[in-house]
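Take a moment to look over the structure shown here before reading on. The paragraphs that follow go through some of its charged pairs and then turn to one of its strands.

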Amino acid sequence: MAAGETQLYAKVSNKHKGRSTPSLLDPLLGMGFPAHTALKALAATGRKTAEEASNCLFSCRLRCHRDDPSLDDPIPQEYALFLCPTGSLLERLQEFWRESKSQCTKNRAHEVFPHITLCDFFTCEDHKVDCLYEALKRAGDRILGSFPSVVPLVLHSSISYLGFFVNDSPADVIREFAIMFATEASVLADCTVKPCTKQLHLTLAHKFYPHHQRTLEQLARAIRPGHGCQWTAVLYSRDMRFVHYQTLRALFQYKPQNVDELTLSPGDYIFVDPTQQEEASEGWVIGISQRTGCRGFLPENYTEQASESDTWVKHRTYTFSLAMDLISRKDGEASSRRNWELYPSQTPRDISSIQALQATIARRSVLVVRHGERVDQIFGKSWLQQCSTPDGKYYRPDLNFPYSLPRRSNGIKDFENDPPLSSCGIFQSRMAGEALLDSGIRVTSVFTSPALRCVQTARHILEELKLEKRIKIRVEPGIFEWTKWESGKTTPTLMTLDELKEANFNVSTDYRPAFPLASLLPAESYDEYVERCAVSVGRIISACPQDVGVILIVSHGSALDSCTRPLLGLPPRDSGDFAQLVRKIPSLGMCFCEENKEEGKWELVNPPVKTLTHGSNSAFNWRNWLPGS
């Protein structure tokens with residue numbers, strides 16, 4: 001051992017005499033790890049056992065085939081202190097988490113477990129972490145006798161926030177505890193800790209859609225915070241280098257095919273910087289493995305979105321209980337990587353459940369979606385005259401007209417038979433994309449009809465899926481509407497790829513469609529139409545031979561039948577039945593087909609998201625309310 005390391009070891013041993021650090025550090029030093037590296041590994045694993053810290057070190061050094069540079073990084077962990085509920089109140093809160101996510105989709109509150117923040121995140125040097133534990137114990141011991149037996153929670157709701165407020169004298173006692181901890185941490189660990197001195201709150205929902213507020217309030221009222229609860233102060237840490245990264249969780253194993261790819265094992269966490277994905281191909285991301293510290297490419301469909309707190313490390317807890325003398329203790333039974341589970345009945349996943357999930361995800365699927373509400377659907381065939389100035393400029397006469405229109409080579413008149421989405425159509429598309437994101441499916445490729453409303457719908461769905469920069473939209477004229485249903489004796493003038501790119505649509509210029517735009521025939525027969533769709537779907541499937549995931553096809557209502565029956569091996573419907581069926585398909589209607597490789601066929605299954613249903617909203621003229629009108 002080097003002299004400097006020996007001095008550091010001695011210094012730490014003397015400073016923390018009577019505590020666990022020397023007994024944990026000694027085995028790691030005996031294995032040949034430098035003292036600063038061993039201390040960093042202990043801090044990163046919550047100082048549970050020397051075995052966990054050594055596993056972390058060996059994983060970084062051996063699995064990555066090179067030293068993890070983060071081990072020598074002087075940046076320490078960030079720590080925060082939370083007051084967390086237990087018992088029946090926690091069970092009720094967990095039920096609210098599940099139901100709010102299911103009924104109203106995910107919001108910011110789902111990123112973290114139920115808690116009251118006592119101290120914001122702060123840094124602490126690796127060799128002083130034991131001092132934080134002592135600070136927690138001292139502050140808890142001093143406040144234990146006056147800690148409220150019941151913490152009253154009052155529901156508060158606003159347009160973007162829902163949660164419980166802690167008021168009156170109980171809030172004062174809890175704030176006093178936070179201040180005591182901050183003071184002790186400053187003295188013992190030389191940390192700058194900012195205690196929460198403002199309104200104490202337990203967040204239920206944050207940054208949600210305004211139309212979800214009523215549903216969230218109804219779910220919150222069912223919690224009844226008077227349920228029995230034992231409150232526990234918990235010290236957590238996180239890696240401050242990845243605070244603004246997205247976190248993915250590996251669903252199953254992946255063995256690298258190239259030297260620049262990551263090894264994945266089920267349960268691995270991967271940190272992904274959304275701003276550093278330019279080099280990644282469609283369906284791939286660049287990430288950093290929490291387990292090994294390595295950086296590389298990985299297939300995104302082998303992962304799922306994880307919550308922000310999933311990678312936090314639980315260090316020590318202090319339980320406030322007057323009936324039981326449960327003071328500061330180590331939570332040795334909990335995992336240092338994931339100590340609080342949002343869904344205890346579902347996690348941790350065992351190997352059989354991982355394999356079952358892999359069997360579901362590791363197959364090709366086709367999701368056919370009808371476009372959103374089109375502007376002429378609301379304002380009729382004369383919609384273009386309603387929004388055009390005499391000199392051919394566009395203006396917005398109603399809020400359901402889009403804010404602007406893309407530029408076209410022949411001016412605004414080209415939109416007459418190729419209408420855009422209405423404002424509500426844009427909203428519908430975004431809602432569908434948000435729901436698809438929440439469902440957890442992995443879209444790996446996107447194909448659309450060349451109609452503007454379809455390309456727009458695809459873009460808005462991709463934006464909500466956070467894939468608009470990674471996946472290019474492939475325009476396939478072969479899945480355009482049955483031209484017999486299009487007005488006029490010629491096919492509509494549709495936007496070219498160059499025009500779409502100029503309008504900032506991320507379209508592919510490399511894809512060779514089954515049917516070029518020029519090949520579309522006006523007033524084609526029904527047989528010609530269904531044959532065109534069947535050939536086009538075959539081209540789409542053949543263009544994605546290795547894509548394990550969902551192929552998204554955004555087209556017209558008719559495509560939900562004409563693009564799925566060829567996959568299912570079914571003959572075309574009678575044209576009369578076909579027309580009657582298509583009239584009933586709403587905006588963003590979906591059909592979902594999965595490939596059954598075992599039986600060598602495709603099957604129609606439930607779509608991954610629910611139907612979007614809403615009513616009409618008629619025009620209103622305030623002048624009709626004038627006297628005498």
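How many salt bridges does a search of the whole structure find? The search finds 28 salt bridges, and, as the model is a predicted one, each of the pairs described below belongs to a prediction.

One of these pairs joins Asp190 to Lys128, whose closest N and O atoms are 3.7 Å apart. Because Asp190 lies in the loop between helix 7 (168-189) and strand 5 (200-206), while Lys128 lies in the loop between strand 2 (116-123) and helix 6 (129-143), the pair ties together parts that are 62 residues apart in sequence. The two partners also sit in contrasting surroundings, since Asp190 has a relative accessible area of 58% and is exposed, whereas Lys128, with a relative accessible area of 11%, is buried.

A second pair, Asp141 with Lys137, has its closest N and O atoms 2.9 Å apart, and here both residues belong to helix 6, where they are four residues apart, or about one turn of the helix. Asp141 counts as partly exposed, at 32% relative accessibility, and Lys137 likewise counts as partly exposed, at 33%.

Are the partners in the salt bridge between Arg532 and Glu524 buried or exposed? Arg532 is buried, with a relative accessible area of 3%, and Glu524 is buried as well, with a relative accessible area of 6%; the closest N and O atoms of this pair are 2.3 Å apart. Salt bridges can also link several residues, as they do in the network that contains Glu78, Arg108, Arg238 and Glu308.

From charged pairs we can now turn to strand 17, which covers residues 550-555. Six of its six residues are buried, so strand 17 is largely enclosed by the rest of the structure. In a regular strand the side chains alternate between the two faces of the sheet. In strand 17, Val550, Leu552 and Val554 point one way, while Ile551, Ile553 and Ser555 point the other way, and all of them are buried.

Which strands pair with strand 17? Strand 14, made up of residues 365-370, pairs with strand 17 in the parallel sense over six bridges, and within this pairing Val368 stands opposite Ile553. Strand 15, made up of residues 443-448, also pairs with strand 17 in the parallel sense, over five bridges, and there Val446 stands opposite Leu552.

Methods
Residues are numbered from 1 along each chain as its sequence is written. This is a predicted model: local features need pLDDT of at least 70, side-chain atom pairs count only at pLDDT 80 or more; totals for chains, interfaces and linings use all residues. Side-chain values use heavy atoms; hydrogens and water are left out. A salt bridge is a side-chain nitrogen of Lys or Arg within 4 Å of a carboxyl oxygen of Asp or Glu. Helices (H or I, at least four residues) and strands (E, at least two) are DSSP runs, numbered from the N terminus. Buried means under 20% relative accessible area, exposed over 50%, partly exposed in between (1.4 Å probe, protein chains only). Two strands pair if DSSP finds at least two bridges between them.
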